[in-house]
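Please open the model in your viewer and keep the sequence panel beside it, since each stop on this tour begins with a selection.

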Amino acid sequence: MVDTLAQVDESVSDDTVLQVNGLTKHFPVTKGIVLMKTIGWVRAVENVSFSIKRGQTLALVGESGCGKTTTTKVILRLEKPTSGHVLFQGHDVHELEGDDLHEYRTHVQAVFQDPFSSLSPRMRVRDIILEPLVLNRKVSKKEQRELAERVMTRVGLAPDQLDLYPHEFSGGQRQRIAVARALVSDPDLVLLDEPVSALDVSVQAQIMNLLKDLQAEDGVSYLLVAHNLATVRYLAHEVVVMYLGQVVERAETEELFEHTQHPYTKALFSAALSADPDVEREMIVLEGEVPSPINPPSGCRFHTRCPIAIEECKHTEPPLREVRPGHFAACLRI
């Protein structure tokens, strides 16, 4: 089968799977029922940029409403960007059509948070796993059977369970089925939206280890959306911290955890449970509520809650700049 997405734009390095450039997404706020009128805009994502290399995991972290989910929806083509570009192997994903679009949908897959609602209860496991493949490629019945059995084995389930329904599996097993569905088309990128948060703690480690093993074997890249910082630290190679639709800090995982720079990231990390209860940590309690994305603050969007904000922060939007080697932060006080 010819891969119509194989040619890579010269501006993107060979090991870059996904590149997001200046991504912005605004949603209209309307008034009225019959004659709807736009009265404002929800600035969900503003000028977000990052890239993911082959075989690497990049994590998006931040409070609910910070723009993580909207970013992933634009990447999956569930939403169109207001401006900016999403490049997959050098191609703008929102300009793909026909066979190129079908290939993109096989190369980019997703594993969602809740394994109880993300799998159709009316479909057998075999059909669930093969769905992204048969919708986008022509595969013979023999190939379908072989692929389904192979991927079931890879995620630690028995091939003879393919004819069962989702309700006949535990939560952890359902998430393994979701992972199998994402892997059956041999993707280059998998979006992981809180992949273990709905599972028992005893099962979470199994799924995380499975994801790491599959990445080591296949070189697949992950875009991880998660609130649990322990999950992020274990799975991610690089972390992007978002606040109110903007990137406020970005660095390799260990660098970010060991040398946190932005005051929002410090507060976010201080709120997480420590693996070692004997280690004393500074508790940072942010005052006030997250401002509305319909009318975000001027200057630095975090200044209304920032414990170190100065007058200039109210008027000047800080650029994302390198504050340590390979470590970027958007703060005038650093």
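The stops below run from a surface loop through two helix pairs to a second loop.

Bear in mind throughout that this is a predicted model. Begin by selecting Ile33, which you will find in the loop that joins strand E1 (16-31) to strand E2 (37-53). Because its relative accessible area is 80%, and exposed means over 50%, Ile33 counts as exposed. Extend the selection to Val34 and Leu35, and you have a nonpolar patch on the surface, in which Ile33, Val34 and Leu35 together offer about 440 Å² of accessible area.

Next, select residues 125-134 and 141-154, which are helix H3 and helix H4; these two pack with their axes 10 Å apart and at an angle of about 115 degrees. H3 is therefore roughly perpendicular to H4, and the crossing of the pair is right-handed.

Now move to helix H5 (residues 171-183) and helix H6 (residues 201-218), whose axes cross at roughly 15 degrees and come within 10 Å. That angle makes H5 roughly parallel to H6, while the crossing of H5 and H6 is, once again, right-handed.

Finally, select Gly299, in the loop between helix H9 (263-270) and strand E11 (321-324). Is Gly299 buried or exposed? Its relative accessible area is 13%, and since buried means under 20%, Gly299 is buried. Add Cys313 to the selection and draw the C-alpha to C-alpha distance: Gly299 and Cys313 are 5.7 Å apart in space, although 14 residues separate them in sequence.

Definitions and conventions
Residues numbered from 1 in each chain as written. Predicted model: local features only at pLDDT ≥ 70, side-chain atom pairs only at ≥ 80, totals over all residues. Heavy atoms only, no water. Patch = residues over 30% accessible without salt bridge, like charges linked within 9 Å, V, L, I, M, F, W, Y side chains within 5 Å. Areas by Shrake-Rupley, 256 points an atom, 1.4 Å probe, with all protein chains shown as cover. Salt bridge = Lys/Arg side-chain N within 4 Å of Asp/Glu carboxyl O. Helix = DSSP H or I, 4+ residues; strand = E, 2+ residues; numbered from the N terminus. Buried < 20%, exposed > 50% of the residue type's maximum accessible area, 1.4 Å probe, protein only. Axes fitted to C-alpha atoms, helices over the stretch in contact; angles between N-to-C directions. Parallel < 35°, antiparallel > 145°, perpendicular 65-115°, else oblique. Left-handed = near helix turned anticlockwise from the far one by under 90°.
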